[in-house]
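The questions below concern the fold, the packing and a few individual residues of one chain. Each answer ends on the value or name asked for.

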Amino acid sequence: MNRDVIIACDFSSKEATLEFLDRFSGRKPFVKIGMELFYAAGPDIVREVKARGHKVFLDLKLHDIPNTVKKAMKVLSELDVDMTNVHAAGTVAMMRAAVEGLTRPDGTRPLLIAVTQLTSTGEDAMQKELLIDSSINDTIVHYARNAKEAGLDGVVCSPLEAGMVKAACGGEFLAVTPGIRFADAAADDQVRITTPARALDLGSDFIVVGRPITAAPDPVAAYNRCLVDFLAG
Ligand code: C5P
């Protein structure tokens with residue numbers, strides 16, 4: 001069973017990231033490296049975090065023509081990450097190319113998931129600016145089906161959408177869900193939020209937790225609280 005808590009390490013330097021990870025002397029958390037850290041610290045930060053024994057979700061959300069995505073994924077496959085992603089809006093052809101590029105000569109590859117609609121995109125903006133006439137839920141489910149058809153392992157969505165994605169694509173299709181907050185904490189800029197325990201009930205496979213852990217007075221305790229609620233729950 002895959003279920004795990006992923007810490008979004010949204011730091012701007014290698015030093016800040018490693019100083020943060022040094023606090024975790026027991027279980028090594030699954031770490032998400034996003035654009036800010038990757039662009040600031042380069043591929044070396046991935047190698048360093050992997051060498052310290054962490055699993056890595058490289059969250060670069062690729063979206064380009066299929067040939068470019070395939071070649072970029074081939075480079076990323078050599079970084080030995082455990083999970084990475086693309087935008088489903090790049091089409092089934094682009095997602096297929098991503099799978100091809102990511103697959104190593106021995107046939108193995110990291111988990112590959114697709115962003116359906118960003119949680120920052122509301123239905124109104126999607127319909128008026130992107131000219132998508134469907135509801136946001138129908139769009140998310142349709143994009144998830146496209147990702148499945150292309151051979152991907154799952155999608156990034158809010159926990160509130162995990163159930164409908166699973167209903168459409170099957171229980172094995174992964175729901176990787178940010179937007180996690182403790183019941184007694186601030187929402188920050190996240191809108192569609194749930195607690196770790198509720199995310200588990202809703203069918204999330206991986207919860208992505210940033211500020212509730214990174215900005216906590218005791219990040220290790222906050223991480224352990226997520227583990228208890230989400231893994232042991
Ligand atoms: O600090 P917080 O828990 O809100 O961090 C959530 C993380 O998940 C951030 O790294 C954010 O970029 C990422 N994310 C998100 N919504 C998406 C995709 C990624 O919040 N749809």
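Buried means under 20% relative accessible area, exposed means over 50%, and partly exposed lies in between. The model is predicted.

Q: Is α5 largely enclosed by the rest of the structure or largely open, and how many of its residues are buried?
A: A residue of α5 counts as buried if its relative accessible area is under 20%. The residues that pass include Val 92, Met 95 and Leu 102. Helix α5 is largely enclosed by the rest of the structure, because the number of its 11 residues that are buried is 8.

Q: Which strands and helices are among what covers the buried residues of α5?
A: The buried residues to be covered include Met 94, Ala 97, Ala 98, Val 99 and Gly 101. Their cover includes the strands β3 (56-62), β4 (83-87) and β5 (111-115). The helices in that cover include α4 (66-77) and α7 (136-149).

Q: Which helix gives the largest share of the largest nonpolar core?
A: Nonpolar side chains tend to be buried together in soluble globular proteins. Here the largest nonpolar core has 63 residues, and those with the most contacts inside it include Ile 33, Leu 58, Met 95 and Leu 152. The largest share of this core, 6 residues, comes from residues 92-102, which form helix α5.

Q: How many residues does the second, separate core have?
A: Besides the largest nonpolar core of 63 residues, there is a second, separate one. Met 83, Ile 113, Val 156 and Val 208 are included in this second core, which has 12 residues.

Q: What is the radius of gyration of the chain, and how does it stand against the globule rule?
A: The chain has 11 helices and 8 strands. For its 233 residues the globule rule gives 17 Å, and the chain comes close to that, so it is as compact as a globular protein of that length. Its C-alpha atoms fill a box of roughly 45 × 40 × 35 Å along the principal axes. The radius of gyration is 17 Å.

Q: What percentage of the contacts with a separation of 6 or more joins residues 24 or more positions apart?
A: Ile 33 gives one example of such a contact, since it touches Leu 58 and Asp 59, among others. Over the chain, contacts with a separation of 6 or more are counted, and the share from residues 24 or more positions apart is 65%.

Q: Is Asn 2 buried, exposed or partly exposed, and what is its relative accessible area?
A: Asn 2 lies in the segment before β1 (4-8). Leaving aside residues up to four places away in sequence, it touches Leu 174, Asp 205 and Phe 206. Asn 2 is partly exposed, because its relative accessible area is 43%.

Q: How far apart are the C-alpha atoms of Thr 103 and Glu 78?
A: Thr 103 is found in the loop between α5 and β5, and counts as partly exposed at 30% relative accessibility. Thr 103 and Glu 78 are 25 residues apart along the chain, and their C-alpha atoms are separated by 9.8 Å.

Q: What is the phi of Thr 91?
A: Most residues other than glycine have a negative phi. Asp 80, in the loop between α4 and β4, has a positive phi near 60°. Thr 91 lies in the loop between β4 and α5. Although Thr 91 is not a glycine, its phi is also positive, at about 90°.

Definitions and conventions: Residues are numbered from 1 along each chain as its sequence is written. This is a predicted model: local features need pLDDT of at least 70, side-chain atom pairs count only at pLDDT 80 or more; totals for chains, interfaces and linings use all residues. Side-chain values use heavy atoms; hydrogens and water are left out. Helices (H or I, at least four residues) and strands (E, at least two) are DSSP runs, numbered from the N terminus. The radius of gyration is taken over C-alpha atoms; the globule rule is 2.2 Å times the number of residues to the power 0.38. Contact means heavy atoms within 4.5 Å. A nonpolar core is a set of buried Ala, Val, Leu, Ile, Met, Phe, Trp, Tyr and Cys residues joined through side-chain atoms within 4.5 Å. Buried means under 20% relative accessible area, exposed over 50%, partly exposed in between (1.4 Å probe, protein chains only).
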